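I set out to record what I looked up in this structure, entry by entry. The entries follow the order in which I turned from one topic to the next.

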Amino acid sequence: MAASRSSSSSHVYLNGRTLEGGGQLVRIAIGLSALTGRPVSIDHVRANRGGKKGLKRSHVAAVKMLAEISGSKISGGEVGSQFLNFFPQSARSKIGPLLNLSQVTVKPEYDIKLTTAGAILLVFQALYPYLLYVGSQASAPFVKVNITGGTNAAWSPSYDYAAQVLIPNFAKLGLPPLSIILHKRGWSAGPVDLGSVTFLIHTLASEHNPESKNQPTGSLEKDQDRTTEPLCSFPRINLMDHERGKVTQIDITILAPDRPAINGDAEESTGSTVRQFMEHTTERTLRHKIRKLDPSIFAELSTLSLPFEEDTFSKSTAKSTPVPIKIHTSEATNHRSHVYILLVAHTSSGFRIGHEILGGVGGDRLPRPKSKGKQKQQPAHDPRGDSQDQIELSAAADLVRRCVEGFIGEISKEEIPIERSIAQPNQKDPSTAKRSCLDPNMRDQIVVFEALGKACHAGVHDTESTDIETLEDERDWTLHTKTAHWVCRKMLNV
């Protein structure tokens, strides 16, 4: 067994109550365990979560699938378990911190089916680093992962956030191409409604990762293993090497019900569905809010490369809108609990900054649209329905307000000046704490890749380093970000 092959010092023990104390700690730990061959034991699993403690169905699905893919052994991997032992069986490489790829077998396609609308993106989070590394052994241009579950689930990145923010930012930071295909939406709120997506994972093979052609050797001696063992490496990622950039465009995604016309305030909503009302209100609120921001946050209109019709529109509204605001996606849902907003800022440095919110406007399942044909005449207005309309309008407007305020906070924060007096003798002199180019939720998603890149390139000095070190503004770090850093230090010693 792996435990007998490993020294006691290589076995990692984690207290599941640390910091965030939730599922992210488990997902990152088992992913790094599979990658490094280091067994990990976690107790007090999800002890900081309200309600039921221990593993949920989606956590169990991720643990079992990763164990199956990697050939690892597990104990405690049942729903409700508050401890978990994960024992990798593959041997660690002699020329790096990760597994020996020559001993790994990978299938070109995997299917994961959750029985609830658990977050698909969180299950994928546990599998992605491992498949990114070992997928080159699959004898296919990419590894295909099909997951059934929730695409729009509470307390997790949605499909829309992944497609519009997560994946573009991964590519910008040097990770290989990743695609996500939506087959059907699945919602965690309201009636059970499972969705499905497919991920296409291009791996760290040399054709997709130029850096793998020039691997660091550090102080390792050349031996027989170097000629037979495949070389593969995660790219080095230093967020402080990237500028945040200026906002060039803002995209709006609205998922909300289309129901008969709302009888609200005439100026705002007569003849509108909930979805149309939210589109109008979101765009209007955004325009109002961004006019009050420092103009330096936005790119000069003259520097933007826009299609003719969009350029004409932008010039005509330049006085009220510093950058174009567009509806990226607008879809009708069939339940009042299925309401979602995503705002995405494109930046001049090529990154995306997003803010999303999931909620509902109350009520029961909406009637499905009838077949096309002659429409029935709308019934006369019934004043008894006004109260429900107003409740829906108020709930929708509140979701819009909260999402816009959160988004404005993401794009408007400034850097922190650092007192030079904190510099210690013989240390680099810090000058400024710079905001990262990522929003807080994206920030915690990249921690594991930063750590893996650092571990893969340990001992390789950056010849371009200077005496002035730019520090990261950690005010944007969420508890999830801090937890991810803690787990990575424990598992990778970086």
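**Entry 1. Ile69.** I began with Ile69, which counts as buried because its relative accessibility is 6%, under the 20% cut-off. The model I am reading is a predicted one. I placed Ile69 in helix H3. I then listed its contacts beyond four places in sequence, and I found Thr105, Tyr110, Leu127, Tyr130 and Leu131. I also looked up the C-alpha separation of Ile69 and Val106, which is 6.9 Å, although the two residues are 37 apart along the chain.

**Entry 2. Tyr130.** From Ile69 I moved to its partner Tyr130. With residues up to four places away in sequence set aside, I noted that Tyr130 touches Ala34, Leu35, Leu66, Ile69, Ser70, Leu99, Val104 and Gly135.

**Entry 3. The nonpolar cores.** I asked which residues have the most contacts inside the largest nonpolar core. They are Tyr130, Leu131, Phe199, Ile201, Phe234 and Phe449, in a core of 89 residues. Helix H4, residues 120–134, provides the largest share of this core, with 12 residues. I checked the domains as well: domain 1 (12–208 + 439–457 + 474–492) and domain 2 (245–304 + 320–365 + 388–412) each contribute at least three residues to the core. I also recorded a second, separate core of 31 residues, with Met278, Ile325, Ile341 and Ile411 among them. As background, I noted that nonpolar side chains in soluble globular proteins tend to be buried together.

**Entry 4. Overall counts.** I then took the figures for the protein as a whole. I read off 12 helices and 15 strands. The protein has 494 residues, and 53% of them are buried. Of the contacts between residues at least 6 apart in sequence, 77% join residues at least 24 apart.

**Entry 5. The largest cavity.** I found three cavities of 30 Å³ or more. For the largest, I noted a volume of about 110 Å³. Its lining consists of Leu121, Leu122, Phe124, Gln125, Tyr128, Pro129, Pro157, Leu166, Phe170, Gln445, Val448 and Phe449. I asked which element gives the largest share of this lining. The answer is H4, with six residues. H4, helix H5 (159–172) and H11 each supply at least two residues of the lining. By class I recorded 10 nonpolar, two polar and no charged residues.

**Entry 6. The second largest cavity.** The second largest cavity holds about 80 Å³ of space. I listed its lining as Arg27, Ile28, Gly31, Leu32, Gln125, Ala126, Pro129, Asp444, Gln445 and Val448. Here H2 gives the most, with four residues, and H2, H4 and H11 each supply at least two. I recorded the classes as five nonpolar, three polar and two charged.

**Entry 7. The second largest pocket.** I turned to the second largest pocket, whose volume is about 1,200 Å³. Its lining has 43 residues, and Leu122, Ala153, Ala154, Trp155 and Ser156 are the closest to its centre. I asked where this pocket lies with respect to domain 1 and domain 2. Both domains give residues to its lining, so the pocket lies between them. At least two lining residues come from each of helix H2 (23–36), helix H3 (57–70), H4, strand S12 (352–359) and helix H11 (440–456). I counted the lining by class as 17 nonpolar, 18 polar and eight charged residues.

**Entry 8. Two positive phi values.** Before this entry I reminded myself that most residues other than glycine have a negative phi. Trp155, one of the residues closest to the pocket centre, has a positive phi near 60 degrees. I placed Trp155 in the loop between strand S6 (143–149) and H5. Is Trp155 buried or exposed? Trp155 counts as exposed because its relative accessibility is 85%, over the 50% cut-off. I then looked up Arg46, which is not a glycine and has a positive phi of about 55 degrees. Arg46 lies in the loop between strand S2 (40–43) and H3. Its relative accessibility is 8%, so I entered Arg46 as buried.

Conventions:
Residues are numbered from 1 along each chain as its sequence is written. This is a predicted model: local features need pLDDT of at least 70, side-chain atom pairs count only at pLDDT 80 or more; totals for chains, interfaces and linings use all residues. Side-chain values use heavy atoms; hydrogens and water are left out. A nonpolar core is a set of buried Ala, Val, Leu, Ile, Met, Phe, Trp, Tyr and Cys residues joined through side-chain atoms within 4.5 Å. Buried means under 20% relative accessible area, exposed over 50%, partly exposed in between (1.4 Å probe, protein chains only). Domain bounds come from an automatic or database domain assignment. Contact means heavy atoms within 4.5 Å. On a 1 Å grid over the protein atoms alone, a cavity is a set of points where a 1.4 Å probe fits but cannot get out, and a pocket is an open set with protein on both sides within 12 Å along at least five of seven lines; lining residues have an atom within 4 Å of a point. Grid points are joined across faces, edges and corners, and a volume is the space filled by probe spheres set on the points. Ala, Val, Leu, Ile, Met, Phe, Trp, Tyr, Cys and Pro count as nonpolar, Asp, Glu, Lys and Arg as charged, and the others, Gly among them, as polar.
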